[in-house]
Amino acid sequence: MPVTLRDLPKEKLLLPGNASCPGCPEALGLKYLGMALGKKIILVVPAGCTSIIQGLMPGGAFIYPTLNVPFASSDAVAAGVSAAKEILGEDAVVVAWGGDGGTADIGFATLSGAAERNDNIIHICVDNEAYMNTGIQRSSLTPYGAWTTTTWRGKRENKKELPLIMLMHKVPYVATASVGYPLDFIAKLRKAASIKGFKFIHLHAPCPVGWRFDPSKTVEVAKLAVETGMWILFEAENGKVTISPPSRPYADKSKRKPIEEYIKLQGRFRTLTKDDIKILEKAVDDAWNTILKLVSK
Amino acid sequence: MVVKPLTGNYAAAYAAKLSRVKVVAAYPITPQTTIVEKLAQFIEDGEMDAKMIRVESEHSALAAAYGAASGGVRAFTATSSQGLLYMHEMVWWVAGSRIPLVMAIVTRTLGPPWNIWTDHSDIMDQRDSGWLIMMAEHNQEVLDETIKMFKITEDPRVFLPGIVGLDAFILSHTTEPVDIPDQELVDTFLPPRRQPYVFKPGDSLLMGNVPRNLKENMRMREDIHNSLEAAKKVIEEVDEEWGKLTGRRYGGLIECYRCEDASHFIVGMGAWVGDMREAVDSLRTNGIKVGLIKVRYVRPFPREDILKWVVNAKSVIVFDRSVSAGSAGPLFLDVAAHLMAAGIRVPVKNILAGITGLDVTYEDIADAVLKSVAEVEETGKFSRFIEWYYGR
């Protein structure tokens, strides 16, 4: 059942005055997380922007209980917390909230281990496509062609297909989401929370600081990623793949906006050549072809 | 109570079961493996009411145990050597979080080259982290101290994690008769779990976010140090209580052997203390007044206990089974520093032996001590403070 604005609680579990940058997509995501799951959340946070966003000890901007942990440990810590809550009979949703580094790179073995064991947790990869907290260095989820402070002339490698890698772990639930589509994200969070076992949600999170766009345009950039087909919203329950409503029109290539509309807003792509853009266009087509082959008929 | 032949590893596994551990998370590494295997068997056979998280690495083993302990249940893990170094980041994190849990370390040397035999390089590498660290001499002590460690670490005066160390193969895979206490006795001894905080849904609690005030942050470090100092009393109380229940008292942080009239002292820890006892007996039959100080707890360091014995000694010889390369053995460094700080002027020497698992017999120990004592008796001092001893 689709979520509407009326279904959402007014109480905020992320307090204003937190330490996020203007236009921060992670702050949006954290707000939606609280709206979706309320006070059942126990949050486990590896190193990253969210370590900072929550504010300074002894204060803090998070109402949900939050355990900050070393970079490569979040899913294992979350699995332990989840086991304890099950043993004690407490109704909790344990969420590991990691960035692209904490999920796809330094945290990847831990993520894969928890997925294979089907530990009862939700892992959210809040993907701002580079190591933003340390100052915009490339990650395995940085797209081809993007400037970062370790790829001054643009990254030469492709973005890793993490959602598909997680799908191949045969876990009960895998989804992609975007901070530009909060109702879709919230519905997916609620569905994930209702399923026992390992759940993975990959949240696309355009970062004004790292991507070099105006902080007022976070949602616009996020939506353009979907409208150009560069980010595909889908979900998979027990391996059954469906394209989510916001992305459905763009299965048809002719409906997609030109990727230049997405790229031109972002300073990180300013050195792209015509050939680079062709490479990115082909990557969009390939990603769609792959996902459509996986969609259950 | 029942006496069973048990390896050191099985003694650790039985202790975890008797302590009613609720979550075990571990990754296999030689020579710790049979602890994990035994616990898996206990759990699968329904003899132990616990969940086993079969993690993909040691980093995750301690991370999962830490998560479970933070969530409010008793947790246990075990590792060795490279595995311990791989989880080292988590070792600091758990102590800094003040979350009690217990880990068995089956001590094994570090590579390269690949080598599975015992020395104390791995466990001594953890000594600055804020954990309580003890080394067992025999399998009974492994079992007793693992159970006691839960009580000590969960005491509000301590609230820190604890390590029980046992030497690879010499204890881990060697069978000795071990007195296994009844479950009722352990239940009487161990209170329900206590810890400084528990992560619960709906309860706003932030652990580990960035500090506003670095004085507060530094005070957290001092608190860990002070709690380790406070743990000394707790260790002695728990030793006494366990002694009353089982008849087995070890003497708190150290155990002395033939110290009363000794002029020369040897200091050591771990399984080879058994050989040191025999070396002391053999030296005594030759008229040399040697006493043995067995260091049970290396953290907190038994400063007062050691100084009390050696204040009027003619010499102190510290055996280390690991070395802080470029300085000296870590046990020696602690002993020498505290002697100096207390103004005790006694010749002190470091014998580095058994490193990388090189076999050391009681005759070797007697030989090394005899030569050292002869030198100090003749000249009143040691000509060199450090000796790499490779055997006779």
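Two strands count as paired here if DSSP finds at least two bridges between them. Keep that in mind as you work through this predicted model.

**Exercise 1.** Work out in which order the strands of the open sheet in chain B are arranged, and find its edges.

*Solution.* Start with the order: the 6 strands run S10-S12-S11-S14-S15-S16, with mixed pairing. Next, look for strands that pair on one side only; these are S10 (254-257) and S16 (386-388) of chain B. Going from one strand to the next, the twist averages 20°.

Now zoom in on one pair. S11 (residues 264-268) and S12 (residues 290-295) of chain B run parallel and are joined by 5 bridges. Within this pair, Ile266(B) sits opposite Leu292(B).

**Exercise 2.** Find which strands helix H13 of chain B lies across, and at what angle it runs to S14(B).

*Solution.* Trace H13 (residues 362-379): it lies across S11, S12, S14 and S15 of chain B. Then compare directions: H13(B) runs at about 150° to S14(B).

**Exercise 3.** Describe the contact between chains A and B, beginning with how many residues each chain gives.

*Solution.* First, count: 39 residues come from chain A and 38 from chain B. Second, ask which element of chain A gives the most to the side touching chain B; it is H3(A), with 11 residues. Third, sort the residues on that side of chain A: 23 are nonpolar, 10 polar and 6 charged.

Finally, check for strand pairing across the chains. S2(A) pairs with S9 (residues 206-207) of chain B in the parallel sense, over 2 bridges. Leu67(A) has Met207(B) as its bridge partner in S9(B).

Conventions:
Residues numbered from 1 in each chain as written. Chains lettered and ligands numbered in written order. Predicted model: local features only at pLDDT ≥ 70, side-chain atom pairs only at ≥ 80, totals over all residues. Helix = DSSP H or I, 4+ residues; strand = E, 2+ residues; numbered from the N terminus. Axes fitted to C-alpha atoms, helices over the stretch in contact; angles between N-to-C directions. Contact = placed C-beta atoms within 7 Å. Nonpolar A, V, L, I, M, F, W, Y, C, P; charged D, E, K, R; others polar.
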